[in-house]
Amino acid sequence: MSQRIDSLDWVKIKMASVESDPQQSESMDVSNLPEAKEMKSIVLTGFGGVGKLKVYKSPQPLPVEGEILIKVKACGLNFADLMVRQGVLDNVPKTPMVMGFECAGVVEMIGENVVGFEVGKSVIAITNYGAWAEYVAVPAKWCFSMPDGMSFEEAAAISFSYITAYTLLFDIANLTCGKSVLVHSAGGGVGTAVAQLCKTVDNVILFGTASKTKHESLQDKFSCLIDRYTSDYVNDVRVASPEGVDIVLDCLSGDDVNKNFSLVKPMGKYILYGAANQITGETRSYFSFAKSWWQVDKMSPLRLYDESKSMCGYNMMNLLFNEGHDSIIRKTMRSVLTLFTEGKIRPIVDSTYAFEEIGEAMQKMHDHKNIGKILLIADLHPRCPVEVTTPTAPDPSATE
């Protein structure tokens, strides 16, 4: 496979003098940098608060063998992006890096040995970072043709949230008629996807936790809504369902693992798919990180045996990017897109932001104020004009 020096490499070259390794720019081969038109991208310049995110101009990438180049129309924002920004996820690339895991757009160019895609066609893409840019080169195996009637905003909102929700409910939990489900962060991308998917099965009783301000907007999607910030959700679920629930979907972790597991009925399933309790402030908190794990009881298989319960986990990014299970993700995505085509699901978009407004978008997600998906729109102009710069190394002759 040929080597591609893309926009991320270009940003690293430009910023090499401020990196920990000042020789980085010399060690990278820049002779193959293409003469390409400029694009904007959202670059994480270091781990920390929203101030570490910058919109830079850089040359657009070119696809290598097995890739397609996408002109991006819309990008999805996920809670995992907040964790990346703070540096709390495992195997996060070194900064500077272009952020983002999902986008939708139009095929601009096709690399060698790519079949099933045509220039000018609309596609959905899952990326191993790099989605928050005007152009992105993506392995074709992580791309999907957009069905008729789907907008770019819906396409950017569907992959991560609905693949996760579908896998949790149907592949792992085996949701069937009459079962009961508890999901946290009911107003988020996954929470609203879970609500819609549960509607495709008869007589599902769906409990959700969300702040009180969201209850009116969500009440027609859930059987029972609970404000976990002001009340004891374990007690509230027990009042409504003394035996507990059949399926618990936990994106919180920490001491909520033990609370959630206590609500699982015999023959029920607890599934951990996130660790939102690690994020407590704008920057990484080592105390919150440690607390979220030492509060989790060591779960003995004997306890699962005695109580006739199951405990499972799901990490979509590890499954796809680190373990290479593309076929699993592709199969699930086909099922999700079929449900969309049949009119049974439709992603909820909370709000849209320009690239230059990434700080506001992230803050809204951090404050849990969204109902549905927050999106970044590539060609949207910011409400307040912001200068987009080209990263440059400092002048070595300048004095402090």
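Start by selecting strand 6: four of its five residues are buried, so this strand is largely enclosed by the rest of the structure. Keep in mind as you click around that you're looking at a predicted model.

**Stop 1: the neighbours of strand 6**

Leave strand 6 on and add residues 102-110, which make up strand 5. The two strands pair in the antiparallel sense, over five bridges. Want one bridge to zoom in on? Pick Cys103 and look for its bridge partner in strand 6, Ala125.

Now add residues 143-145, which are strand 8. Strand 8 also runs antiparallel to strand 6, and three bridges join them. For a bridge here, select Val123 and then its partner in strand 8, Ser145. If you show side chains, here's a handy thing to know: in a regular strand they alternate between the two faces of the sheet.

**Stop 2: Ser122**

Next, click on Ser122, which sits in strand 6, residues 122-126. Is Ser122 buried, partly exposed or exposed? It's partly exposed, because its relative accessible area is 27%, and a residue has to be under 20% to count as buried.

Which residues does Ser122 touch, if you skip its neighbours within four places in sequence? Select Gly105, Val106, Phe144, Ser145, Met146 and Phe152, and you have its contacts. Try a distance too: the C-alpha atoms of Ser122 and Ser145 are separated by 6.2 Å, although these residues are 23 apart along the chain.

**Stop 3: helix 3**

Move over to residues 79-86, helix 3. Seven of the eight residues here are buried, so helix 3 is largely enclosed by the rest of the structure. To see the buried ones, colour Ala80, Asp81, Leu82, Met83, Val84, Arg85 and Gln86.

What do those buried residues pack against? Switch on strand 1 (38-44), strand 2 (53-59), strand 3 (67-77) and strand 4 (97-98), then helix 11 (316-322) and helix 13 (358-366). Before you leave, click Gly87, which follows helix 3 and has a positive phi, near 80°.

**Stop 4: how far to trust the picture**

Finally, colour the chain by pLDDT. The mean is 87, and 82% of the residues reach 70 or more. Then select residues 1-5, where pLDDT stays under 50; the model gives them 15 contacts beyond four places in sequence. Over residues 393-400 pLDDT also stays under 50, and there the model has four such contacts. Where pLDDT is low, don't read the predicted coordinates in detail.

Notes: Residues numbered from 1 in each chain as written. Heavy atoms only, no water. Buried < 20%, exposed > 50% of the residue type's maximum accessible area, 1.4 Å probe, protein only. Contact = heavy atoms within 4.5 Å. pLDDT = per-residue confidence, 0-100. Pairing = 2+ DSSP bridges.
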